[in-house]
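Here are my notes for going through this one together. Have the viewer open beside you and take the points in order.

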Amino acid sequence: MVDGLRVYGRLIAAQVRSQLQYRASFALDAAGTFLISFLDFLAVLVLFHNVPRLAGWSVHEVAFLYATSSVAFALADLIVGHLESLSQRLRTGTFDILLVRPRGTLFQMIASELALRRLGRFAQGCVVFGYALTGTHIDWDVGRALMLVVMVPAGFVIFASVWVAGMCVMFWTTEGGEFTNAFTYGGQFLTQYPIDVYSAWLRRFLAYLVPMAFVSYFPALYILGKDDPLGLPRLLQFSSPLVAVAAACAAGLVWRAAVRRYRSAGG
Amino acid sequence: MIEVDGLTKEFVVREGRFRRRRRVVEAVRGISFRVERGELLGYLGPNGAGKSTTVKMLTGILVPTAGYVRVAGLEPSRQRIQLARRIGAMFGQRVQLWWDLPLVESFELLRHIYRVPADRYRASLARFREVLDLDPFLQTPVRQLSLGQRIRGELTAAMLHEPELLFLDEPTIGLDVVARQRVREFLAELNRERGVTVLLTTHDLGDIERLCSRLLVIDHGVLIWDGGLADLKARYGGERTLIVDLEEPAPPLLVEGARVERVEGPRQWLRFRGSAAELIARVAAQERLIDLQVAEPDIEEIVRRIYSSGR
Amino acid sequence: MRLDWEIAKRGWRRYAAYPAATWAGVFTNTVFGFVQAYILLAVYRHRTDVGGYDAGDTVTYVWLAQALIMTVYIFGWEELALRIRDGSIATDLSRPVNPQRYWLAFDLGRAPYHFVFRGIPPFVVGAFVFDLHYPSPGLAVAFAVSVGLAVVVSLGFRFLYNVAAFWLIDHRGVLRLSVTVSLFFSGMILPIAFFPGWLAAVAHALPFASILQVPVDIYLGKHTGADLAGALAVQAGWALTLLALGQLALARGTRKVVIQGG
């Protein structure tokens, strides 16, 4: 584990070094991503131009959801977003090269790239978070601060797990990458708003099957001190880290099963 | 080093767009062979014969359907990671180097992936830099390398962790004569000096003649030859072809020791055994020659002939 | 004409060759349709009309947007830019068919495929779950014409940001920016009806409304009579303007290649 992290650090450091060689192009790229993601948030502001509250949530409260989900998503995109190159690796046969090296395939896939420009989206999430704080009254205490510190990594792990599990579709059909977008980009879109706007079946699917509600909604209820309009058990508000661990394990198992299938059916 | 007994691989293929039918294809059908430590052998066969499927099973990429495999005493499909430390592999045109990074960075990264100690890595890299003359492009991003430079880089990458066994798939394809020569010399030396076992998959008869003392030939998933190159040629590939361009179109030539296989205008193809010089002299005595060339039988053809002769 | 038809057939076939990709895309469009529909419907818990749209108009809008997303190919296209970057454009220019005409014909073959196979299935799913509006036969015809024009406007714009590759080392930044701006101002993320007045004015002054907002408004019956003719005329105007700008940019880019050798 420690060795794995060290190797990951080395692999990524080399990538980062080479990207920083083209400093101007990197800066432009990151700034562009930052600006582009602002148009995305502008949509939330425009929506609230029409209503003071959405399902009982103010614009700043929704911004809080948006920001925490956006930061978690940006991290997941940064760390595992390039896994979509899997379809190309499977088509060209370069995935086999990973199989003749003494490391796990998922580890090698994750360590194969780190696109720094994706930090632009991370920065956007931080700015939106600042905006959210200007209009919400949070009774900060140790518990809430701790929850904030925990929810972002947990959200990142949940997003990343969904991403990894979704990518496994490509082992069956390399054209299926678009399918994964429904869960990753779709998941991000959805977690930016309170889940009580969705109808019951979609909500259940999201809260329990694809655990997106644990990325921002449940922790936010606790931090913002809001009553759950759905009257779900309060315990759910504290379970994001556990859900994240479970999601990561599930994603790991799905990946293993997919690679095993690939190795017996042949690429 | 390698023990294979009754190795079989079946694939399920689905056919048809709407009503999909399952069809089982046997890519490798119960092949058996042994390779001793320090051998350098060629593994050949036409495309789709089961070559790469075999190599994939030996390296642990694919799980066999049936049969016994041991490579370096390990079962590849179950002990893939342990095996990976002891073998090196290079798959022809598939790039295993990091495309955007300078070549030396790829080596550095592989050092960490394989956990090669720093001093061993330095010594090993120094040797490759010298033998393969890597210094001029060590700091160049891989995407800017010429094919020959890249292949030398790939060879180094496959060897940095000092494997006992090397799987090479078409290592000289697309290289110019000089680069090809250099790679062949390098492989021969590696095998001779370091005792590295090499399994070479190739279509290039030159590679085989220069390097391999033993050949495995596979076709339609079945091993149809296991033995020396000289024996193989004596039995199936003794005939060469003399292609002559005459001054004018002529009926098929009647020359002793050869038979005409094909005629196209003034150009004729003659199959023969033995000395080309004698045959050329005989043809020249009969007709005015504009140009000529001697073609070696290619391996595809030899394989075809072995197969059609019913093994 | 015969040539255009042959090129268009290729456009259709190119995408018809990947049925699994099509179904994966339909699934994704459907999921996005549900999420967006529920978010926008939450607004109607507080009011009954937003910028002239009632709840039924808005959900219809959402599902039409998902149905048209691939038809107008708004998520970015870089085929021409890649050809410019790797130099294949030189071959294209040596052919007797103008590259813009080629890609327009290709796109007009591609769009019907995406309309039928990527557009209709998610719309049908949406129609089962929500109360959608349906147009009269006359409006349906006008809508079809408008979608056709939307594809041309979209291609005109995509052609422009691709041709930019003649002058840029990396076209991806411009690509990403163009896609985001067109997504937002076409009304793909939120209907322009939801925009505050000044932003709506900006949106209507830009060509992007002609890619999505105008065809959807025609479907919903927001334009009638002379107004409808006017809306189609605006689309046609943008189509011609963008295509003309594309030709101009292509000519300049070509001159650059010829003079500087790429």
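1. In what order do the four strands of the open sheet in chain B come? Keep in mind that this is a predicted model. The order is E11-E12-E10-E13, and the pairing is antiparallel. Notice that the order across the sheet isn't simply the numbering of the strands.

2. Now look at the ends of that sheet. Strand E11 (258-264) and strand E13 (289-295) of chain B are the edge strands; each has a single partner strand, so one side of each has no neighbour in the sheet. Going from one strand to the next, the twist averages 20°.

3. Let's zoom in on one pair. E11(B) and strand E12 (residues 267-272) of chain B run antiparallel and are joined by six bridges. If you want a spot to click on, try Glu264(B), which stands opposite Arg267(B) in E12(B).

4. The sheet also has a helix packed on it: helix H9 (residues 276-286) of chain B. This helix touches strand E10 (240-246), E11, E12 and E13 of chain B. Its direction makes about 25° with that of E10(B).

5. Over to chain A, which has twelve helices and two strands. Read along the sequence, its pattern is α-α-β-β-α-α-α-α-α-α-α-α-α-α. So where do the strands sit? They follow the opening two helices, and helices make up the rest of the pattern.

6. How compact is chain A? Its radius of gyration is 19 Å, close to the 18 Å that the globule rule gives for 267 residues, so chain A is as compact as a globular protein of that length. Along the principal axes, its C-alpha atoms fill a box of roughly 55 × 45 × 35 Å.

7. Next, who touches whom? There are two pairs of chains in contact, and chains A and C share the most contacts. Chain B and chain C are not joined by any contact; their closest C-alpha atoms lie 10 Å apart.

8. Take chains A and C in more detail. Here 29 residues of chain A are in contact with 31 residues of chain C. On the chain A side, the elements giving two or more residues are helix H2 (23-50) and helix H9 (177-191) of chain A. H2(A) gives the most, with eleven residues. By type, that side divides into 17 nonpolar, nine polar and three charged residues.

9. The contact between chains A and B takes 19 residues from chain A and 26 residues from chain B. On the chain A side, helix H1 (2-21), helix H5 (95-99) and helix H12 (240-265) of chain A each give two or more residues. The largest share, five residues, comes from H1(A). This side of chain A divides into eight nonpolar, six polar and five charged residues.

10. Finish with a helix pair in chain C. The axes of helix H6 (residues 99-129) and helix H7 (residues 137-163) of chain C come within 10 Å and cross at roughly 135°, which means that H6(C) is oblique to H7(C). The crossing is right-handed. Residues making the contact include Trp103(C) and Leu104(C) of H6(C), and Val151(C) and Phe159(C) of H7(C). The contact residues divide into eight nonpolar, one polar and one charged.

Conventions: Residues numbered from 1 in each chain as written. Chains lettered and ligands numbered in written order. Predicted model: local features only at pLDDT ≥ 70, side-chain atom pairs only at ≥ 80, totals over all residues. Contact = placed C-beta atoms within 7 Å. Nonpolar A, V, L, I, M, F, W, Y, C, P; charged D, E, K, R; others polar. Axes fitted to C-alpha atoms, helices over the stretch in contact; angles between N-to-C directions. Parallel < 35°, antiparallel > 145°, perpendicular 65-115°, else oblique. Left-handed = near helix turned anticlockwise from the far one by under 90°. Pairing = 2+ DSSP bridges. Rg over C-alpha atoms; globule rule 2.2 N^0.38 Å.
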